[in-house]
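Work through the exercises below with the sequence and the structure at hand. Each task is followed by a solution in steps.

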Amino acid sequence: MKRTATFFAVTAALTTLSLLSSVQASSHREAPNITRMPTVDASDFYLFNSYEPGREAYVTLIANYIPLQDAYGGPNYFAMDPAAVYSIHIDNDGDAQPDLSFNFRFNNTLTNEGAGVKLPIGPEGNQKMVAVPLKNVGGVAAGNTAALNFFEDYTLEVAAAGSSNMLMPSDGAMTFTKPYDFIGTKTFSSAAAYQAYADQYVYQVALPGCDAMARVFVGQRKDAFVVNLGKTFDLVNYVPVEGDSAPGAGDGAGFPGGITQSSANDDLADKNVTSLAIEVPKTCVTGSGNGVIGAWTTASLPQARILNPNANFARPEVNGGALVQVSRLSNPLVNELVIGLADKDKFNSSKPADDGQFADYVTHPSLPALLNILFRDAVNTTLGTNIADLAPSNFPRLDLVNAFLTGVAGVNQLSTVTPSEMLRLNTAIAATPAEMQSAFGVAGDDLAGFPNGRRPGDDVVDIALRVVMGALCHDIPVNGTPTNLGYCAPEDAPVGNVPFTDGAPLSAAMLDTSFPYLLTPLPGSAN
C-alpha cells in the first residue's frame with residue numbers, strides 16, 4: 001500500500017470529488033433538481049464480493065432508489081418511473097467509461113386488460129361497474145396474486161462492446177416482476193409471508209458469454225443506511241465525537257459531551273427503499289483488466305416530457321427525445337457534502353471520465369473548514385487546548401484523492417488509472433464472512449470493506465468523518481500493524497486520530513447474509 005511520488009502527483013492534478021464522499025447521509029435529495037423527481041433519485045450504491053456462503057465466486061451490486069420511503073405511503077406507494085432507464089455501469093479497464101451496463105426499464109399495468117378491478121355498485125336495474133381506488137382488493141401471498149389490481153414488471157438489458165442483449169428469466173417468463181410493496185400485514189399476513197412472496201422474484205439469468213448464471217432481484221427493502229440525518233444537516237447539532245471509551249461501552253469515558261451509539265440516532269430506522277440488485281460471476285465482469293472493477297449507477301429520462309391535459313393511467317404524459325442523465329451515484333455522500341450547491345445538478349448529469357471539472361472540491365474540500373468553524377472554540381474550551389485549526393493542512397488533499405478517486409495501489413487500483421468518482425472493488429480480495437466484518441472496512445483492518453467497494457454493513461458515515469478530518473495522516477492497521485500510508489503526517493491533521501461519529505451504529509449483523517442482503521421491508525401497518 002505504498003505510493004510513488006510521481007503517481008500521486010499525476011492523480012492530484014486530475015482529481016475529482018470523492019471520498020469526503022461519505023459523510024452524513026448517503027444520497028438522499030442531494031441536489032436541487034432531483035428533489036422534484038424522487039422516483040429516479042439514487043440513494044445508495046453497494047459493490048462487494050459476495051459473502052453468502054458458497055457464492056465466493058460472485059460480485060454483488062445493489063442500486064437503491066426512491067429514498068426516505070414511509071412504509072405507510074399509500075394508496076399508491078412506490079412504483080418506479082416507466083419513462084426512465086436505471087443503469088448500473090462497470091468499468092474494468094480503468095478508462096472511466098462503462099465496459100458493461102445493466103439497464104432496467106419498468107412497466108406499470110392494471111389488471112383486466114388495463115381497466116382495473118371493477119365492482120358492481122347499486123341495486124338491480126341501477127347497477128354500474130365501477131373501478132376500485134386501491135392497488136389491491138384482498139390478501140396477497142406467494143403463489144396467489146389474484147387480488148392485485150396493479151402490476152409492475154421490468155426488462156433487463158446488458159450492453160457491452162457496442163452491442164446489447166435482453167436478458168430473460170431462466171424460468172421462461174418474458175419479463176421480470178417487481179413484487180408489490182409491503183403495504184401491511186393484513187394484505188400479506190406477516191413479514192415472513194411477505195418475504196416468501198418477494199422471494200418468488202429472485203431470478204436466475206444467463207449472461208451472454210458467461211458460463212455461470214447471474215441472480216437478479218428488484219423490489220422494496222428496509223433501508224440499510226444509518227445516519228443521524230436531521231441533526232447532521234442542522235449544522236451538525238450534536239458533538240460528533242464518541243462519548244464512551246469504546247462504542248457501546250456506556251461508560252461516558254470518551255469525549256466530554258460526545259454523542260454515544262444508539263439506534264435512536266438513526267433517522268432512517270423507519271424507512272424503506274427500492275433496490276435493484278444483481279449478482280454476477282466475477283469472471284464475467286473483470287474483462288482483461290487486473291481484477292479490479294469500478295462501478296456507478298445512473299438514472300436517465302427522455303429529454304422532453306409533455307403533460308397530458310386529459311391524463312389517464314395509461315397516458316399521463318408523452319415522453320420523447322434523447323435520454324438525459326438526471327441522477328448519478330457511486331461513493332456515498334459526494335453530492336451532499338463535497339460538491340458545491342451551484343454544481344450539484346451538473347454532477348448528477350456528468351460522467352466519471354469528465355470529473356476533472358470538480359477537482360477543487362476534493363483537493364481543497366470545504367467540509368473540514370466548516371467543521372472547524374462549528375467546533376474549534378468548543379473543542380479548545382472543553383480540552384483546555386489551543387488548536388489553531390481543526391481541519392487538516394495538507395493541500396492538495398492527496399489522502400482523499402488516492403483513497404477515493406484513483407484507488408490504492410495493491411488494493412483497489414485498476415490497471416489504468418483515470419482519476420474519477422467511482423466505487424472500486426478488487427475482486428481478488430476474498431470476502432470477509434459477515435460475522436468477521438469490521439464496520440470500518442479498510443481502516444478497521446478489513447481489506448474487503450469500504451473503500452474497497454462498499455458493503456451494506458460498512459459504516460461509511462463514521463469512516464468518512466474520520467478520513468475527511470485526516471485519519472489517513474495517522475497510522476491505520478494494515479495486516480494488524482499500525483502503518484502510516486505516506487500521504488501526510490500526523491502534524492498535518494491535529495484531530496485526525498479522534499473517533500468522529502454520528503452516533504448511529506451499523507454492522508453486518510444488522511443485515512441478511514444472503515442475496516439480496518438487505519432486510520425485508522417494514523410493513524405499512526402491522527397487526
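A residue counts as exposed when its relative accessible area is over 50%, and as buried when that area is under 20%. The model used here is predicted.

**Exercise 1. Two positive phi values**

Task: Locate Glu113 and decide whether it is buried or exposed.

Solution.
- Step 1. Glu113 sits in the loop that runs between strand S4 (100–110) and strand S5 (118–121).
- Step 2. The relative accessible area of Glu113 is 85%. The cut-off for exposed is over 50%, so Glu113 is exposed.
- Step 3. Most residues other than glycine have a negative phi. Glu113 is not a glycine, yet its phi is positive, at about 55 degrees.

Task: Do the same for Leu333: where does it lie, and is it buried or exposed?

Solution.
- Step 1. Leu333 belongs to the loop between strand S14 (317–329) and helix H5 (334–337).
- Step 2. Its relative accessibility is 0%, so Leu333 counts as buried.
- Step 3. Leu333 also has a positive phi, near 75 degrees, and is a residue other than glycine.

**Exercise 2. The open sheet**

Task: Give the order of the five strands in the open sheet and name its edge strands.

Solution.
- Step 1. The order is S1-S2-S12-S11-S10, and the strands pair in the antiparallel sense.
- Step 2. Strand S1 (42–49) and strand S10 (203–206) are the edges, since each pairs on one side only.
- Step 3. From one strand to the next, the twist averages 20 degrees.

Task: Describe how S12 pairs with S2 and with S11.

Solution.
- Step 1. S2 and S12 run antiparallel and are joined by ten bridges. One bridge partner pair is Val59 and Val280, the latter in S12.
- Step 2. Strand S11 (residues 213–222) pairs with strand S12 (residues 271–281) over eight bridges, again antiparallel.
- Step 3. On this side, Arg221 has Val273 of S12 as its bridge partner, and Lys222 stands opposite Asn272 in S12.

Task: Explain why S12 is described as largely enclosed.

Solution.
- Step 1. Lys271, Val273, Ser275, Ala277, Glu279 and Pro281 point one way from S12, and all are buried.
- Step 2. Asn272, Thr274, Leu276, Ile278 and Val280 point the other way, and these are buried too.
- Step 3. Eleven of the eleven residues of S12 are therefore buried, and the strand is largely enclosed by the rest of the structure.

**Exercise 3. The largest nonpolar core**

Task: Which residues touch the most other members of the largest nonpolar core, and which strand gives the most to it?

Solution.
- Step 1. The core has 122 residues; Val40, Leu61, Tyr65, Tyr86, Phe102 and Phe104 touch the most other members.
- Step 2. Strand S2 (residues 58–70) gives the most to this core, with seven residues.
- Step 3. Leaving aside residues up to four places away in sequence, Val40 touches residues including Tyr65, Tyr86, Leu301 and Val326.

**Exercise 4. Cis peptide bonds**

Task: Where do Pro75 and Pro451 lie, and what is omega for the cis bond at each?

Solution.
- Step 1. Most peptide bonds are trans.
- Step 2. The bond joining Gly74 and Pro75 is cis, with omega about 5 degrees. Pro75 is in the loop between S2 and strand S3 (85–91).
- Step 3. The bond from Phe450 to Pro451 is also cis, with omega near 5 degrees. Pro451 lies in the loop between strand S15 (423–426) and helix H10 (460–468).

Definitions and conventions:
Residues are numbered from 1 along each chain as its sequence is written. This is a predicted model: local features need pLDDT of at least 70, side-chain atom pairs count only at pLDDT 80 or more; totals for chains, interfaces and linings use all residues. Side-chain values use heavy atoms; hydrogens and water are left out. Two strands pair if DSSP finds at least two bridges between them. Helices (H or I, at least four residues) and strands (E, at least two) are DSSP runs, numbered from the N terminus. Axes are lines fitted to C-alpha atoms, for helices over the stretch in contact, and angles run from 0 to 180 degrees between N-to-C directions. A nonpolar core is a set of buried Ala, Val, Leu, Ile, Met, Phe, Trp, Tyr and Cys residues joined through side-chain atoms within 4.5 Å. Buried means under 20% relative accessible area, exposed over 50%, partly exposed in between (1.4 Å probe, protein chains only). Contact means heavy atoms within 4.5 Å.
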